[in-house]
Structures are given as C-alpha cells and as structure tokens.
Amino acid sequence: MPHIDENSAQGKLLRGALPALLALFFCWYNIWLRAGAGAVEINFFRINYGSAILAGLRNDNITWMMPFFETVFSFAVNSGLAPIPLLLLLHLAIYLLVFCAGALLRGYRAGLGSLAAAGLLDAANVFRYDDEQAFYTFFLLLALSLLLIKRRDNTLRNNVLLGLALGASLLVRTPLVLF
C-alpha cells in the first residue's frame, strides 16, 4: 500500500473523511442492522407527553419527565418522519462528538481511538439501547466538546454556545443544574 503524505491533498481528504466514514459505518452496523433485526426498541409511550405540550394541553407529568426529548420526538413522529432515520442521525452526531471530544483532549489519533472504542462497545451490546438516553448523551457530549473549546479559547461566543448546550441538556435531564 503506498504511503500517503498527511500534508498532501489526498492525506488531508483522508484525514477529514476517516472519522465521518467510521461514524457512518458504526451507525449502519449498530443501529440500522439492529433495527432490521428488531433489537432497537423505540418507546412510543413518550409521544403522549410531547403531543400534549405541542397541542398546548395541560400535562401534570411535566414535573416527572423533562419535556425536550418527548416534544422533539413527538414533533418528528407526528410530522411523518420515521424514527429509525432520526436515530441514525442522532447516533452519527454522537459518534462525531465522541471523536471531537477525543481530538480536543489529545489530538486526532485519540479522537479516532475514542470513536472506535465507542463504536465497538456499542457493537458488543455492552449497553442497553435507550432512545432518550441517546438524546441526553448527545447533549452531554455537546456540552463536553464546547467546554473543551471554551478551555482553549475563552470568548463570549464559546461561553454562549456552552450555556445554550447546558440549558438544552437541562430540558432533557437535570443533573447538570449544579454545573
């Protein structure tokens, strides 16, 4: 196999495309194939809570369940969007945020390693799949990546983006309220 220089156009293209291709592969393998086999369960019970909020109806369960996931999921399903492609996009974003967090911490190779580890752990069925947990994981990883960016470059824009990510995560679950 010929050696590709990292500074050449081919090397930069390969270096930029490799994380995205790896994330796409893990999404296909871990979500699409599992969904075809019936191993991905989607909790449609939560649509009721989000539908009530979208319709402006009284919902006493708002104190038990934070509304963001239910509202987004209900809006998507009631708009006619299939849940599996939405979960594929969600997991693609999660895998790319795992890569970004690893790359921001220790560089490109650490990002690839963290992406590969996340995909392989998911492929080994180490964790039970939960659609709401995946949604929350997205916001936690987004907050982590923005926190690492803020640590490098402490600007007003980075502070606002981090605050918005933390605020959105509070609408999914509340553990970051003391952050």
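Start by selecting helix 3: its buried residues are Phe-69, Glu-70, Thr-71, Phe-73, Ser-74 and Ala-76. Buried here means under 20% relative accessible area, while exposed means over 50% and partly exposed lies in between (1.4 Å probe, protein chains only). Helices (H or I, at least four residues) and strands (E, at least two) are DSSP runs, numbered from the N terminus.

Before you go on, note that this is a predicted model, in which local features need pLDDT of at least 70, side-chain atom pairs count only at pLDDT 80 or more, and totals for chains, interfaces and linings use all residues. Residues are numbered from 1 along each chain as its sequence is written, and side-chain values use heavy atoms, with hydrogens and water left out.

**Still on helix 3**

Pick the C-alpha atoms at the two ends of the helix. They are 16 Å apart, which agrees with the 16 Å that its 12 residues should span at 1.5 Å a residue; the expected span is 1.5 Å times one less than the number of residues. Now step just past the helix to Gly-80, where phi is positive, at about 95°.

**Zoom out**

Colour by secondary structure and you will find 7 helices and 0 strands. In sequence order the pattern reads α-α-α-α-α-α-α. Of the protein's 179 residues, 36% are buried. Taking contacts (heavy atoms within 4.5 Å) with a separation of 6 or more, 69% join residues 24 or more positions apart.

**The nonpolar cores**

A nonpolar core is a set of buried Ala, Val, Leu, Ile, Met, Phe, Trp, Tyr and Cys residues joined through side-chain atoms within 4.5 Å. In the largest one, which has 16 residues, select Leu-90, Ile-94, Phe-135, Phe-138, Phe-139, Leu-141 and Val-172: these touch the most other members. Helix 3 (67–78), helix 4 (83–106), helix 6 (131–152) and helix 7 each supply at least two residues of this core.

Centre on Phe-139 next. Apart from neighbours within four places in sequence, Phe-139 is in contact with Phe-68, Ala-165, Ala-168, Ser-169 and Val-172. There is also a second, separate core of 11 residues, with Ala-23, Leu-88, Leu-92 and Phe-99 among them.

**One salt bridge**

Which side chains meet in a salt bridge? Select Glu-132 and Arg-173, whose N to O distance is 2.5 Å. The cut-off is a side-chain nitrogen of Lys or Arg within 4 Å of a carboxyl oxygen of Asp or Glu, and a search of the whole structure finds 1 such pair. Glu-132 sits in helix 6 and Arg-173 in the segment after helix 7, so the pair links distant parts of the chain, 41 residues apart. Glu-132 is buried, at 9% relative accessible area, whereas Arg-173 is partly exposed at 25%.

**Asn-158 in helix 7**

Move to Asn-158, in helix 7 (residues 156–172). Is Asn-158 buried or exposed? Its relative accessibility is 3%, so Asn-158 counts as buried. The Asn-158 side chain reaches the backbone oxygen of Asp-153 at 2.6 Å. Beyond four places in sequence, Asn-158 touches Ile-149, Lys-150 and Asp-153.

**Last stop: Ala-118**

Finish in helix 5 (residues 108–123), at Ala-118. This residue is partly exposed, with a relative accessible area of 22%. Not counting residues up to four places away in sequence, Ala-118 touches Tyr-95 and Val-98. Measure from Ala-118 to Tyr-95, C-alpha to C-alpha, and the distance is 7.4 Å, with their positions 23 residues apart in sequence.

Definitions and conventions
A polar contact is a pair of N or O atoms within 3.5 Å; within protein, one must be able to donate a hydrogen and the other to accept it, and residues adjacent in sequence count only if both atoms are side-chain atoms.
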